[in-house]
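Here are a few exercises on strands and sheets, each with a worked solution. Keep the structure open next to you and try each task before reading on.

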Amino acid sequence: MPQKAKKKQHALSPISIVREFNQFRFQNYGRIPIPNGNRIDLIKLENISSFRSSGNYVYIHFNNGKQTLVSKPLKWVEEHLNDFFLRVHNSYIVNLLEVKSYLISENALLLIDGSTIPVSRSKKASINQLFK
């Protein structure tokens with residue numbers, strides 16, 4: 001009788017285990033790793049109001065009015081965020097806890113700090129659901 005072929009199981013490399021653990025830890029403890037020269041700063045998500053993409057760079061807008069530029073694409077940032085953040089436009093991710101109101105006629109979100117974030121047509125329906 002022929003024996004059944006055993007399926008190969010792929011073992012996770014130590015590097016991939018550390019990456020998955022760090023992603024879990026950052027998302028669940030409310031911090032995001034931000035490269036800063038020769039170090040990595042862990043920024044509290046509660047201090048961030050929004051992210052704005054500029055090519056392969058992202059501006060981080062803090063709720064104290066300051067901003068910083070990091071050399072990571074918005075997709076990378078999005079992967080490190082928790083459920084309080086929502087991508088509302090191809091170029092913007094917003095902290096939902098920082099939203100003051102939805103400006104329907106302008107199709108934009110007004111943040112607590114007074115800034116406005118555009119909402120794309122494709123995200124308009126999900127924003128409308130969020131505010132019902």
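Let's start with a definition: two strands count as a pair if DSSP finds at least two bridges between them. Also keep in mind that this is a predicted model.

**Exercise 1.** Work out how many bridges join strand β1 to strand β2, and what sits between the two strands.

*Solution.*
- Step 1: Find β1 at residues 31-36 and β2 at residues 39-44.
- Step 2: Count the bridges: there are six, and the two strands run antiparallel. The pairing cut-off asks for at least two.
- Step 3: Pick one position as a check. Pro33 stands opposite Leu42 in β2.
- Step 4: Look at the connection. β1 and β2 make a hairpin with two residues between them, and Gly37 in the turn has a positive phi of about 65 degrees.

**Exercise 2.** Write down the strand order of the open five-stranded sheet and explain why one side of β5 and of β6 lacks a neighbour in the sheet.

*Solution.*
- Step 1: Read across the sheet to get β5-β4-β3-β7-β6, with antiparallel pairing.
- Step 2: Go to the edges, where you'll find β5 (67-70) and β6 (85-89). Each has a single partner strand, so one side of each has no neighbour in the sheet.
- Step 3: Add the geometry. On average, neighbouring strands here are turned by 20 degrees against each other, ignoring direction.
- Step 4: Zoom in on one pair. Strand β3 (residues 48-54) and strand β4 (residues 57-62) run antiparallel and are joined by six bridges. One contact to check is Ile48, whose bridge partner in β4 is Phe62.

**Exercise 3.** Do the same for the open sheet of three strands.

*Solution.*
- Step 1: The order is β8-β9-β10, again with antiparallel pairing.
- Step 2: At the edges stand β8 (99-103) and β10 (116-118). Each has a single partner strand, so one side of each is left without a neighbour in the sheet.
- Step 3: The average turn between neighbouring strands of this sheet is 25 degrees, direction ignored.
- Step 4: β8 is joined to strand β9 (residues 108-111) by four bridges. Ser101 has Leu110 as its bridge partner in β9.

**Exercise 4.** Now zoom out: which elements does the chain have, and in what order do they run?

*Solution.*
- Step 1: Tally three helices and 10 strands.
- Step 2: From the N terminus on, they go α-β-β-β-β-β-α-β-β-β-β-β-α.
- Step 3: Check burial. Of the 132 residues in the chain, 32% are buried.

Terms used
Residues are numbered from 1 along each chain as its sequence is written. This is a predicted model: local features need pLDDT of at least 70, side-chain atom pairs count only at pLDDT 80 or more; totals for chains, interfaces and linings use all residues. Side-chain values use heavy atoms; hydrogens and water are left out. Axes are lines fitted to C-alpha atoms, for helices over the stretch in contact, and angles run from 0 to 180 degrees between N-to-C directions. Buried means under 20% relative accessible area, exposed over 50%, partly exposed in between (1.4 Å probe, protein chains only).
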